[in-house]
Amino acid sequence: MDAADEILRVEHLFKSFGATEVLRDISFSVHTGETKAFIGPSGTGKSTLLRCINQITVPDSGKVFLRGEEVTQAGQKINLYRQRIGMVFQNFNLFDHLTAVRNVEIALLKVKGLSPAQAREKALFELRRVGLDDKADLYPAQLSGGQAQRVSIARALAMDPEVMLFDEPTSALDPELTREVLEVIRTLAQQGMTMLIVTHEMRFALSVANEVLFMENGTIVERGSPNEIHDGTGFERTRRFIGQMEEFR
Amino acid sequence: MADVVSVLIDWLPYLLQGIVITLILTAASLGLGLLCGLPMALGQVYGRKTLRYLIGMYVWFFRGLPVLVLLFLFYFGVFPLLQIDTPPFFVAIVVLGLRGAAYQSQIFRGAIESIGEGQMTAARSLGMSQWQAIRHILLPQTMLIALPGWSNEYPNVLTDTAVCYAIGVLELLTRTTQIVSDTYITMPIYLACAGVYIFLNYAGMSCLHAVERKVMVPGFGQENV
């Protein structure tokens, strides 16, 4: 892969909350169509890392580039970059006062300036993509957790992002609802969407990701393709962690 | 009894005008309170430290004094000092409006603060500016959450308008008292006046409850509490 394919580059990211160093010198780059999975114990900065990429959390130092343009210290332009970076949250964060279809179309109307007809058409298309066009007129409280998370994926997809960030998308879901959400994400990967996924679903991570990055104490400890992690040397800690996680299942 | 009825019929147009003025005072207090109270709440939550402090002082002042004291301060103090010649009716509207803003700002502030951080985060992650997120996501939710509490302001404000009697605003109570001193019939007339207040209260609350039912979003706010 050459530099022209590079969508996202993260350079030497540092972030502390008070005395706690959450991110310590994180660097990596992401190419078109790649899926990267971030795994590791809770509290090792995986979610903070995703939030630093679209500047929802402002890093202390380090740089983030989106197709070569610096996202860090973008000032007001940050709102333009965020449109190009979709984000899906652990707790869905659907807008509670809006129906599913309104959730998907509101940013199309207010941020992208689409006409009501265009926005509605696009929103219904995205809902169909996650299999929920029949739930368009339901409010978030009327949806199951899995459905709500799929709506939130549709909401992010509607902006036609160049890269998607998934922050533990199934951690708030019952096991039987986890599946439907993972299937949607897997389909996106097959369609060539570029994605960063923080997850505790080890088997999913290993089956869908091109590269798995194992984080501990704010640093990337080991990183490699699923095959390398399975067979290669130098992945003992990752394998031990995956083994521990699998034991609980 | 026949006396009372004929007196009331004779004075009915006069009383009706009083009812209209009472309703105007109520509406002005609620309306001005909403108009000023909502931005004040936003300022208190999202504003800089100085702004938050100033709004805090304002709220503290207008909630800390009895309405009657406020009316006297403005009627005999503030407006004459500014050399503005104002009818009592106008003074009453200003005082009730400013006071309403102080109370309502706290209703709205509580509502804004009860909304989870995730709503703002999600809005910003889609590329909305902070103002767009407030305007399209936070404000509508604030209104929905605040509506029941805001509706409860109606009876408070309605009954508070009677205090304007003290500076000679020709509202319902002032006119009732004039009829009493004119006819020497006391209790029946005051009872009729009380009946009108009760009715206005009931009618207004019914309307507000109808609005609440109309704008209700299924399941909204249930996971926030």
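**Exercise 1. Find which residues of helix α1 (residues 46-53) of chain A are buried in this predicted model.**

Step 1. Go along the helix residue by residue: Lys46(A), Ser47(A), Thr48(A) and Leu49(A) are buried, and Leu50(A), Arg51(A), Cys52(A) and Ile53(A) are buried too.

Step 2. Take the helix as a whole: eight of its eight residues are buried, and α1(A) is mostly covered.

Step 3. Now look just past the helix, where Gln55(A) has a positive phi of about 65 degrees.

**Exercise 2. Describe the overall build of chain A.**

Step 1. Start with the secondary structure, which comes to nine helices and 10 strands.

Step 2. Compare sizes: the radius of gyration of chain A is 18 Å, close to the 18 Å from the globule rule for 249 residues, so the chain is as compact as a globular protein of that length.

Step 3. Add the box: along the principal axes, the C-alpha atoms of chain A fill roughly 55 × 45 × 40 Å.

Step 4. Turn to the inside, where 49% of the 249 residues of chain A count as buried. Among the contacts in chain A with a separation of 6 or more, 63% come from residues 24 or more positions apart.

**Exercise 3. Explore the largest nonpolar core and one of its well-connected residues.**

Step 1. This core has 124 residues. Those with the most contacts inside it are Phe38(A), Ala154(A), Phe166(A), Leu196(A), Leu71(B) and Ala92(B).

Step 2. Helix α4 (residues 88-114) of chain B gives the largest share of the core, 12 residues.

Step 3. Zoom in on Leu196(A). Leaving out residues up to four places away in sequence, Leu196(A) touches Val30(A), Lys36(A), Phe38(A), Leu50(A), Val163(A), Leu165(A) and Phe166(A). You have met Leu50(A) already, as one of the buried residues of α1(A).

**Exercise 4. Work out how α6(B) and α9(B) lie relative to each other.**

Step 1. The axes of α6(B) and helix α9 (residues 187-215) of chain B come within 10 Å and cross at roughly 170 degrees.

Step 2. Angles over 145 degrees count as roughly antiparallel, and the two helices are therefore roughly antiparallel to each other.

Step 3. Name the partners: α6(B) brings Leu144(B), Leu147(B), Pro148(B) and Ser151(B), while α9(B) brings Met205(B), Leu208(B), Glu212(B) and Val215(B). By class, these are six nonpolar, one polar and one charged.

**Exercise 5. Characterise the contact between the two chains.**

Step 1. Chain B and chain A put in 21 residues each.

Step 2. On the chain B side, the elements giving two or more residues are α5 (117-125) and α6 (130-151).

Step 3. Sorted by class, that side holds nine nonpolar, 11 polar and one charged residues.

Terms used. Residues are numbered from 1 along each chain as its sequence is written. Chains are lettered from A and ligands numbered from 1 in the order in which they are written. This is a predicted model: local features need pLDDT of at least 70, side-chain atom pairs count only at pLDDT 80 or more; totals for chains, interfaces and linings use all residues. Two residues are in contact if their C-beta atoms, placed from the backbone, lie within 7 Å. Helices (H or I, at least four residues) and strands (E, at least two) are DSSP runs, numbered from the N terminus. Ala, Val, Leu, Ile, Met, Phe, Trp, Tyr, Cys and Pro count as nonpolar, Asp, Glu, Lys and Arg as charged, and the others, Gly among them, as polar. A nonpolar core is a set of buried Ala, Val, Leu, Ile, Met, Phe, Trp, Tyr and Cys residues joined through C-beta atoms within 7 Å. A residue is buried if 20 or more other C-beta atoms lie within 10 Å of its own, exposed if 12 or fewer, and partly exposed in between; C-beta atoms are placed from the backbone. The radius of gyration is taken over C-alpha atoms; the globule rule is 2.2 Å times the number of residues to the power 0.38. Axes are lines fitted to C-alpha atoms, for helices over the stretch in contact, and angles run from 0 to 180 degrees between N-to-C directions. Angles under 35 degrees count as roughly parallel, over 145 as roughly antiparallel, 65 to 115 as roughly perpendicular and the rest as oblique.
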